[in-house]
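Welcome, and thanks for opening your viewer alongside this tour. We will go from stop to stop, with a selection to make at each one.

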Amino acid sequence: MTDLQKLTIGKALNLGLRRAMEEDPKVLIMGEDVGKLGGVFRITDGLQKDFGEQRVLDTPLAESGIIGTAVGLAVRGFRPVCEIQFEGFIFPGFDQISSQLAKLHYRTQGKIKMPVVIRVPFGGGIGAVEHHSESPESLFAHIPGLKVVSISNAVDAYWGIQQAIKSDDPVLFFEPKRLYHSGALRAEIDVTGTPAQVFSSQVVREGTTATVVAYGPSVKVALDAAAAAEDEGKSLEVIDLRTLSPLDLGPVFESVRKTGRLIALSEAPSESSLTSEIAARVQQECFYSLEAPVLRVTGFDTPYPPAKLEEHYLPDLDRVLHAVDRSLAW
């Protein structure tokens, strides 16, 4: 029997967490204000009420302590899900993530598993102050021992958070915060159905003129650009990366061999980034198929600006279309 529900990304995450907690009593949620408040974005709303304070823990404002405690809980057989309130707050916990969480499985020759999920609301577009709108995902994708995932829609949010929790490896789960409660992105999900595989890239719109690869909040920008390009007689193929480490570039290579052109799209700064890696790998694998250089549309190599300027910083539809025009003019 199917149970179809039309959900936003935020609600899908909430239900995914709830289902994981129902299925496994070892799943715990911990973070700043995740309990009584339900998180600043209300993603954990109602979970402490239903599962109790021993399984949904309000922590001190101490990211290093949150992640260090999660490492200890994982050693004891629990599956902690940590919430970092905003991505800019994650750096006090960077040492625990890179030195302990990412390495314990390897250090112990597989004897100790690290089934820890770190949920990270990330990206701009919410008119926030400093440290609340950043895109640090490339830093974590560079650390061996971590899985790094970014979702862009409600279906992937619901199934992806459950798959991350079931993983015996640590997962950084990047969530596009400005899209949490977007009514336009509501999707019908069979919450009792067969899980969709999220840890792989996916073609979300087929096309023949050029390929646009994106992840997280940038996927919506890419799809909007593809819709606008269609009015100009251009057919853009859009790929949602979903998994950032390890990268699943097979679908990207296949698409580029068809279209001959690639635009890599991300809110993060361009220097030493995921878009850099994508460009390098596509050039290595698809050199003779390329009709133009790989172009990148990204945030700028500056600190994230004040809220009044962020619309000029964030990649938008016009910048994507301009990159497509440049590629076609080559």
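Begin with the lining of the largest cavity, whose residues fall into four nonpolar, three polar and one charged. To display them, select Ala128, Val129, Glu130, His131, His132, Ser133, Tyr304 and Pro305. The space they line comes to about 40 Å³. How many cavities of 30 Å³ or more does a search of the whole structure find? The search turns up one. Keep in mind along the way that this is a predicted model.

**Next stop: the largest pocket**

Now select Ser135, Pro136, Leu139, Ala268 and Pro269. Among the 19 residues lining the largest pocket, these five are the closest to its centre. The pocket holds about 330 Å³ of space. Colour helix 6 (137-141) and strand 13 (262-269) as well, since each of them contributes at least two residues to the lining. If you then colour the lining by class, you should count eight nonpolar, seven polar and four charged residues.

**Next stop: helix 3**

Select residues 63-75, which make up helix 3. A quick check of its length works well here: at 1.5 Å a residue, these 13 residues should span 18 Å, and the end C-alpha atoms lie 19 Å apart, which agrees.

Which residues of helix 3 are buried? Show Glu63, Ile66, Ile67, Ala70, Val71 and Ala74 as sticks to see them. Look down the axis: these residues cover an arc of only 135°, so they sit on the same side of helix 3. The pattern is a familiar one, because an α-helix has 3.6 residues a turn and residues three or four places apart point the same way.

To see what covers this buried side, add strand 2 (27-31), strand 4 (79-83) and strand 5 (117-122), together with helix 4 (94-101) and helix 5 (104-107); the cover includes all of these. Before moving on, pick Gly77, just after helix 3, where phi is positive at about 100°.

**Last stop: Asp156**

Finish by selecting Asp156, which belongs to helix 7 (residues 154-166). Is this residue buried or exposed? With a relative accessible area of 3%, Asp156 falls under the 20% cut-off and is therefore buried. To see its surroundings, show Ile151, Ile161, Val198, Gln202, Asp240 and Arg242, which are the residues in contact with Asp156 once neighbours within four places in sequence are left aside.

Terms used. Residues are numbered from 1 along each chain as its sequence is written. This is a predicted model: local features need pLDDT of at least 70, side-chain atom pairs count only at pLDDT 80 or more; totals for chains, interfaces and linings use all residues. Side-chain values use heavy atoms; hydrogens and water are left out. Helices (H or I, at least four residues) and strands (E, at least two) are DSSP runs, numbered from the N terminus. The expected span of a helix is 1.5 Å times one less than its number of residues. Buried means under 20% relative accessible area, exposed over 50%, partly exposed in between (1.4 Å probe, protein chains only). The arc is that of the directions from the helix axis to the C-beta atoms. Contact means heavy atoms within 4.5 Å. On a 1 Å grid over the protein atoms alone, a cavity is a set of points where a 1.4 Å probe fits but cannot get out, and a pocket is an open set with protein on both sides within 12 Å along at least five of seven lines; lining residues have an atom within 4 Å of a point. Grid points are joined across faces, edges and corners, and a volume is the space filled by probe spheres set on the points. Ala, Val, Leu, Ile, Met, Phe, Trp, Tyr, Cys and Pro count as nonpolar, Asp, Glu, Lys and Arg as charged, and the others, Gly among them, as polar.
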